[in-house]
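Welcome! Open your viewer, and let's walk through this structure together, one selection at a time.

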Amino acid sequence: MSDDGTRTEPYGTWPSPISAELVASEGRTFGHVAVDGEDVYWREQRPTEDGRGVIVRYDGEATEDVTPEEVNVRTLVHEYGGGDFTVHDGTVFFAAFDDQRVYRQPPDGEPTAITPAPESERGLRYADFEVSADGRHVYCVRENHDVTTDEDGAEEPTNALVRLAADGSNEPEVIASGHDFYAAPRLSPDGDRLAWLTWDHPRMPWDGTELHVATVADDGTLADERVVLGGDAEAIFQPTWAPGGDLYVASDRSDWWNLYRVPLDGSAPEPVVERSAEYGAPLWKLGMATFAVLDDGTIVATVTEDGTQRVELLDGEDRSVVDLPFEVFAPRVSSDGETVTFVAGGPRTPTSVVRWAPGDDPEIIRRSTTLEVDDEYLATPEHVTYETRDGEASHAYVHPPTNPDVESPADERPPLVVFAHGGPTGATFPDLNLTLQYFTSRGFAVADVNYRGSTGYGREYREALYGEWGITDVEDTIDAAQYLADTGRADPDRLAVRGGSAGGFVVLAALAFHDAFDAGASYFGVADLGRLAELTHKFESHYLDQLVGPYPEAEDTYRERSPVEHADRIDAPVLLLQGEDDPVVPLSQAEAMVDALDENDVPNSLLVFEDERHGFRRANSRERATESELAFYSEVFGFEPADDLPRIDPAAGDDA
Ligand SMILES: CC(=O)N[C@@H](C)C(=O)N[C@@H](C)C(=O)O
């Protein structure tokens, strides 16, 4: 022990107050946010309540749960959901996870279903709600699994826009149909017009969408419908009516998601701000919002530029950056015209629901965690841009090992875990990620990579992965590890890679096609591209046409890039973690990978999590996954962790 009380311990073995139990149980996830008069409502997902979604209200003084204990608020439209509820004069409308029906819950009342029971389990799903000014109707997206559409010979659910009677007295009326996907039905302030988005296979909503506008007749039917913006190669995001009746969107027509005012006669949109920065985001979840228009016409926008995020005020020609104590902003912005509510945090600030008005200090309404961990245990991220093997640039946040109680032997360098995000059309940000801090506080370095294909760096960067999935993302992930090893920040002999979903595919592909990593942890990762194209859900059923090539025409490429076909080339041990009921990357993907690894005597362990779908929501699943991952690295890298962990021995092929 040194004079200042610090001990010298090898990296990875450091004792840390950030336990797996804390990682698992601390950390509500905030979803949709809605403002109703003076009150703020949001959906929060609670790991300690089996991942249940709860609508919570803040009335300016106190916070209380709105939905009853037995209700799990969560829509499964597009499987990823989003826009699970809305509020009108204190009455809440929400989608229930168990039956996917829409419920109406008046102030101090009980929820009652306002949509019919489906024929099949969860056969009628609803999301992205908008209530008419008189409170009599609810406009929303419906995904019908009872009535399927024949798409290229494949049966798939039918999506449409519907109008519900708010009291449930009538059957839902279909008001717009015929496209594969619908999103964002939004009524103009006078209620006379409806704007919404559509897109069709094989496009994803970040490839190209159409912005429609129609007039709303007294009987609710739509007339004079027209497409006012968008198309195959222009992704429109978040149609928003200003209080004065102007329509605003984010569009990536400039190659960046910039903001525009859209004339309703179909003439060219007028830029509000056009620059190399992102004011929109990929529409993985319905109801996402990155900006709001205040009553005085000022736009409050969250912006991503060069790996950093901030809030800007846009007022005519003026653009000003707001100085707020947050570094990361989720696409969950809502406004009452004077104040803005958003979800924000930072490397040392738990993600929080925050209300703010220009000129005022922000009010933190709810924190995702009450975790009292001394800042000294939290790694400080650095955004790095590194050169890739083909001379291009890629980006990552580097988090060094951080723990005030311990130092490492002078001749040792830390093991590295490279985090690869899902999507792949997504991004990672430097928010307070307790899983990541679990590793850094034990003496790991972490690189959290925004490989090419990620969002936040413009359309060209995003599309650099098209046709190259499994190649460019994997190489960029390896090059991040190499960059840290070359600059002395990681031990080149102890490099691990981990990721979920498309990030899990990066893990498996890196191990199968390269020799860079010594261990890989795949959370519900893709192993067999052809099977994914055949079996995944409607929303992503043609995503791989862009990422890999048309299926089945490009079947050979699918086979060439599928880790399951090349398990004989894997040397490094593999940990696979999989939700039993995952509809996005089914359990069969992990099982096929395990069979292929076993056939080739590659050390592996598979952990299957009951009652989990895509992404683990329950505290006990999250705790088991985190501890198992550390146990796996300690086994592979041969160190003795400070924690009492479950035994994971991939060499024994045990399925813990
Ligand atoms: C291409 C594909 O199917 N991707 C999904 C498996 C995926 O990665 N989804 C993201 C959004 C996730 O993080 O789950």
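Start by selecting Ala502 and the ligand: a polar backbone atom of Ala502 is 2.9 Å from an oxygen atom of the ligand. Keep in mind as you go that this is a predicted model.

Now add Ser501, where a polar side-chain atom lies 2.7 Å from an oxygen atom of the ligand. Add His614 as well: an N or O atom in its side chain is 2.7 Å from a ligand oxygen atom. With the ligand in view, notice how it is wrapped: the protein covers 88% of the 390 Å² of accessible area that the ligand has on its own.

Next, show the whole shell. How many residues surround the ligand? There are 15, and the closest are Tyr80, Gly423, Ser501, Ala502 and His614. Try colouring them by type, and you will find 10 nonpolar, four polar and one charged residue in the shell. Then highlight helix H7 (residues 543-547), which contributes three residues, the largest share of this shell.

From H7, step to the loop that joins it to helix H6 (529-535), and select Thr536 there. Is Thr536 buried or exposed? Thr536 has a relative accessible area of 10%, and because that is under the 20% cut-off, Thr536 counts as buried. Show its surroundings: leaving aside residues up to four places away in sequence, Thr536 touches Arg531, Ser541, Pro583 and Val584. Look at Val584 in particular, as its backbone oxygen lies 2.9 Å from a polar atom of the Thr536 side chain.

Keep Val584 selected and add Gly191. These two residues are 393 places apart along the chain, and their C-alpha atoms are separated by 37 Å. Zoom in on Gly191 and you will see the loop between strand E14 (181-187) and strand E15 (193-199). Gly191 has a relative accessibility of 29%, so it counts as partly exposed.

For the last stop, head inside. The largest nonpolar core has 114 residues, and those touching the most other members are Leu211, Leu259, Leu416, Trp469, Phe517, Leu544 and Met593. Colour helix H5 (residues 502-513) too: with 10 residues, H5 gives the most to this core. Apart from this core lies another, of 35 residues, including Phe444, Phe609, Leu645 and Ile648.

Finish by centring on Phe517 and showing its contacts. Beyond residues up to four places away in sequence, Phe517 touches Val418, Thr477, Ile478, Ala481, Leu495, Ala496, Val497, Ala510, Leu511 and Ala572.

Conventions:
Residues are numbered from 1 along each chain as its sequence is written. This is a predicted model: local features need pLDDT of at least 70, side-chain atom pairs count only at pLDDT 80 or more; totals for chains, interfaces and linings use all residues. Side-chain values use heavy atoms; hydrogens and water are left out. A nonpolar core is a set of buried Ala, Val, Leu, Ile, Met, Phe, Trp, Tyr and Cys residues joined through side-chain atoms within 4.5 Å. Buried means under 20% relative accessible area, exposed over 50%, partly exposed in between (1.4 Å probe, protein chains only). Helices (H or I, at least four residues) and strands (E, at least two) are DSSP runs, numbered from the N terminus. Contact means heavy atoms within 4.5 Å. A residue is near a molecule or strand if one of its heavy atoms lies within 4 Å of it. A polar contact is a pair of N or O atoms within 3.5 Å; within protein, one must be able to donate a hydrogen and the other to accept it, and residues adjacent in sequence count only if both atoms are side-chain atoms. Accessible areas come from the Shrake-Rupley method with a 1.4 Å probe; for residues, only the protein chains shown count as cover. Ala, Val, Leu, Ile, Met, Phe, Trp, Tyr, Cys and Pro count as nonpolar, Asp, Glu, Lys and Arg as charged, and the others, Gly among them, as polar.
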